[in-house]
Amino acid sequence: MTTAAVILAAGAGSRFGGGKLRAMLGGRPLVAHVVDAARAAGLQPIVIVVPPTRELDDLELGDVRRVINPSPAEGLSSSVRLGLRALELDADVEAAAILPGDQPLVRPEVIRALLVALDQSPATPFVAPRYAGDGAPNPILARRSIWRLADELAGDRGFGPVLATHPELLRLVSVGGANPDVDTPADLDRLAGTPPASRDVS
């Protein structure tokens, strides 16, 4: 099964103070860690939904397809829609992994486990992890047959509300560890294990 990546990177990061996805962790921008994990898991093509400010344009992310979200204030749902629409002409892509750009600890092996589960569950349109450490539900894998539901999404939520209403559409895969968001500078400091003064944000 050919599975693409849709990386959601158009948000303003207002709780962070701006520039969140450019913030450095381990010498790499946050969003680059997500791209790296998607590539290591074998996802192709990689679509990254970016803001109209072009603030991520100069980041070296390798072979990615950048899609501009002209209205990121409409919420995360708008980026999900745009990312999936960008894949509609890729007839060989049968599913997409939707990855928030602010979860730099997402692991390739977790994505690969989800790919196996999706392949083993042909009647199930969605697959997502359940992390032992924090119960996080990302990334979500969605079969092409269900992408049309993205047109019904609204606000700053992805497919979560749909799956809460229709749990029969989802297969959960238990995995170890955690997959924390970076919402604030303090979150980044916790991940980096460094004091605020030494955090590099470019």
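Here a trainee and a mentor talk through a predicted model and the terms used to describe it.

Mentor: Two ground rules on the predicted model: local features need pLDDT of at least 70, side-chain atom pairs count only at pLDDT 80 or more, and totals for chains, interfaces and linings use all residues. Residues are numbered from 1 along each chain as its sequence is written, and side-chain values use heavy atoms, with hydrogens and water left out.

Trainee: Okay, the sheet. What makes β5 and β9 the edge strands?

Mentor: Start with the order, β5-β4-β1-β6-β8-β7-β9, in an open sheet of seven strands with mixed pairing. Strands are DSSP runs of E with at least two residues, helices are runs of H or I with at least four, and both are numbered from the N terminus. Two strands pair if DSSP finds at least two bridges between them. β5 (65-68) and β9 (170-175) each pair on one side only, and that makes them the edges. From one strand to the next, the twist averages 25 degrees.

Trainee: How do you know that β7 and β8 pair?

Mentor: Count the bridges: a pair needs at least two, and β7 and β8 have two, in the antiparallel sense. Val 127 stands opposite Leu 141 in β8 there. β7 (residues 126-131) is also joined to β9 by six bridges, and those two run parallel. Arg 130 has Ser 174 in β9 as its bridge partner.

Trainee: And what joins β6 to β1 and to β8?

Mentor: Six bridges link β1 and β6, which run parallel, while four link β6 and β8, which run antiparallel. Val 6 stands opposite Ile 98, and Ile 98 also stands opposite Ile 140 in β8. Ala 97, for its part, faces Leu 141.

Trainee: Why is β6 called largely enclosed?

Mentor: Buried means under 20% relative accessible area, exposed means over 50%, and partly exposed is in between (1.4 Å probe, protein chains only). Six of the six residues of β6 are buried, so the rest of the structure largely encloses β6. Ala 95, Ala 97 and Leu 99 point one way, and Ala 96, Ile 98 and Pro 100 the other. In a regular strand, side chains alternate between the two faces of the sheet.

Trainee: Try me on single residues. Why is Ser 78 called buried, and why is Arg 148 called exposed?

Mentor: Ser 78 has 4% relative accessibility, so Ser 78 counts as buried. Arg 148 has 56%, so Arg 148 counts as exposed. Ser 78 sits in helix α2, whereas Arg 148 is in the loop between β8 and α4.

Trainee: What makes the link from Arg 148 to Ser 145 a polar contact?

Mentor: A polar contact is a pair of N or O atoms within 3.5 Å; within protein, one must be able to donate a hydrogen and the other to accept it, and residues adjacent in sequence count only if both atoms are side-chain atoms. The side chain of Arg 148 reaches the backbone oxygen of Ser 145 at 3.5 Å.

Trainee: Now the rings. Why is the pair of Phe 126 and Phe 159 called tilted?

Mentor: Rings of Phe, Tyr and Trp (its six-membered ring) pair if their centres lie within 6.5 Å; planes under 30 degrees apart count as stacked, over 60 as edge-to-face and the rest as tilted. A search of the whole structure finds one aromatic pair. The centres of Phe 126 and Phe 159 are 5.0 Å apart and the planes are at 55 degrees, so the pair is tilted. Phe 126 is in β7 and Phe 159 in the loop between β8 and α4 (160-165), so the pair ties together parts 33 residues apart in sequence.

Trainee: Which residues have the most contacts inside the largest nonpolar core, and what makes it a core?

Mentor: A nonpolar core is a set of buried Ala, Val, Leu, Ile, Met, Phe, Trp, Tyr and Cys residues joined through side-chain atoms within 4.5 Å. The largest has 34 residues, and those with the most contacts inside are Ile 7, Val 31, Leu 43, Ile 48, Leu 61 and Leu 99. Helix α1 (30-40) gives this core its largest share, six residues. A second, separate core of 26 residues includes Val 67, Phe 126, Phe 159 and Val 162.

Conventions. Axes are lines fitted to C-alpha atoms, for helices over the stretch in contact, and angles run from 0 to 180 degrees between N-to-C directions.
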